[in-house]
Amino acid sequence: MPSRRTVLAASAGAAATLALGGTAHADQNTHDDTRLRSLISRMTLPEKVGQLFVMRVYGHSATAPDQADIDANLKEIGVRTAAELIDRYRVGGIIYFTWAHNTRDPHQIADLSNGIQKASLSLPRGLPVLISTDQEHGIVCRVGEPATLFPGAMALGAGRSHRDARTLGRIAGRELRAMGIRQNYSPVADVNVNPANPVIGVRSFGADPDAVAGMVAAEVAGYQRARQVAATAKHFPGHGDTAVDSHYGFPVITHTRAEWEKLDAPPFRAAIAAGIDSIMTAHLMVPALDDSGDPATLSRPILQGILREELGYDGVIVTDSLGMEGVRTKYGDDRVPVLALKAGVDQLLNPPNLAVAWNAVLKAVQDGELTERRLDESILRVLRLKARLGLFREPYVAQADVTRTVGIPAHLAQADRIAERTTTLLVNEGHLLPLSPRRLLVTGADPASPSGTTGPPTGVLTAAFNELGFTATALSTGTAPSAATVAKAVAAARDVDAVVVATYNVSATSGQKTLVEQLLATGRPVIALAVRNPYDVAHLPGVPAYLASYAWTDVELRAAARVIAGRVAPRGKLPVPVQRADDPAAVLYPIGHGLSYPT
């Protein structure tokens, strides 16, 4: 790892000029702002444009990625490596993805981060890069094992512990910082009031705005303690009541202004009160807030009028990915970044074609549509954030810190204990649970691992039960089991004493429903575990014992096994209501429902 002296020399004086402390708020310190503005005044216009972009790049290394990643970079970005990306476009940020092969293991991630910083700081007027990722935990994780993986937001909502949310933020923030990731696009501040929401769902803390607000504020406090990582509340002005995924379509939220104030606004207000460093926009339309037909990402009335002026937020505003369909429906890829900046955005995340987006912003300034002063406003916010995080003072990370921080036993134990407090027992007819050790079939859905490092769920559950004294065997049936697969599971069920079946987003016509019904017909006790949405229970009324884990990563599954076996009592309470399948207007299980075992 380069020494601090090397860092200062490599930055051609910029880091030396801006060796700011990581704890002072630059926006409250005129002296710091003077230094930052001085730095901005020395930047060229192309450098300023680059500082506004946060871009993907393929590869595990900043300078020597695999050939397949070089080919992908050439095809999508026109550069070979992360170092070339920085040299050509002077981007202010880089986002890590699992599918881009950025996150193989913690030590490799740290090396990649250091390589990115070295590439930027070695340039004339070089600046540290703000490296980001989506590490929500639960079903959205870019960094996998051996890093510590926690339950997701809805699981935490079921646990109802602000202390646990702060612990997650504190530990996850420490681990991300050790790997050089300094901006996390989490927590989700959307209030999931629509059970049919295809994109948020269990990524939300729940359906109660005040409860979600409390959890958001707690997690933000954990992440931003000691300024180790910038947290990001998303997706403003709220993505919780939609049946359209903005990755693939253009959602419209029909809340009135009063409904928005009551349902969507509270978590964002709480995040701002907690000192949130960045807020991510949503690619959706809210006519009650802006009837122009533009998505919120491009709406000045929403971003400047409501977020900045009414809510008093002066931190960084980052777009959701500009490659998503929700922001590309009305305008072309050359107009979107320009309109986003005009609306009040500071960071332009992951445009589908960086050359088109970058040159469009440059041309907009040259033609007078955007002023250079407008760019300076956003660059100042971005540099303030980098300064608060200590990136000018200490841009590099040490491998020794990775070893003593990431995935250490104390962190893993905390994740296990938190998970135990989230597992929710929805049904327990005849006190079937807890289950004593016996012959057990573990079957059902095996969705792919969010991080590529966990699962498969039936295998994880089987191993957990065997460690608890059961004699368990696994039989994966998938999320859409065929008749032959169902028959195989039914035959296996006849040779055991009880069945545990994992369900995943069951519908009225789902093959999973057929599977569970036929398992019930064997007469063997059936315990169902909803490994994503808790709404599955409404479609399977005959199951005598039903639990919800809210995600299928190992930490949640192991906790569910311990609850089923009675090693710990179920403590989770539903953070969303579950409606009847035959009458969605009627509530089957209300918010707060959750059973426990007799003491």
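This is a short chat about aromatic pairs and one sheet in a predicted model.

Reader: What's the ground rule for trusting local features here?
Author: The model is predicted, so to speak of local features we need pLDDT of at least 70, and side-chain atom pairs count only at pLDDT 80 or more, while totals for chains, interfaces and linings use all residues. Residues are numbered from 1 along each chain as its sequence is written, and side-chain values use heavy atoms, with hydrogens and water left out.

Reader: OK, how many aromatic pairs does a search of the whole structure find?
Author: Seven. Rings of Phe, Tyr and Trp (its six-membered ring) pair if their centres lie within 6.5 Å; planes under 30 degrees apart are stacked, over 60 edge-to-face, the rest tilted.

Reader: Why is Phe465 with Phe470 edge-to-face?
Author: Because their planes sit at 65°, with the centres 5.2 Å apart.

Reader: Is Phe470 buried or exposed?
Author: Buried, at a relative accessible area of 4%; Phe465 is buried too, at 0%. Buried means under 20% relative accessible area, exposed over 50%, partly exposed in between (1.4 Å probe, protein chains only).

Reader: Switching topic: in what order do the eight strands of the open sheet run?
Author: E9-E8-E7-E6-E3-E2-E1-E10, with parallel pairing. Strands (E, at least two residues) and helices (H or I, at least four) are DSSP runs, numbered from the N terminus, and two strands pair if DSSP finds at least two bridges between them.

Reader: Which are the edge strands?
Author: E9 (316-318) and E10 (348-349), each pairing on one side only.

Reader: And how many bridges join E1 to E2?
Author: Two, between residues 53-55 and residues 93-96. Met55 in this region stands opposite Ile94 in E2.
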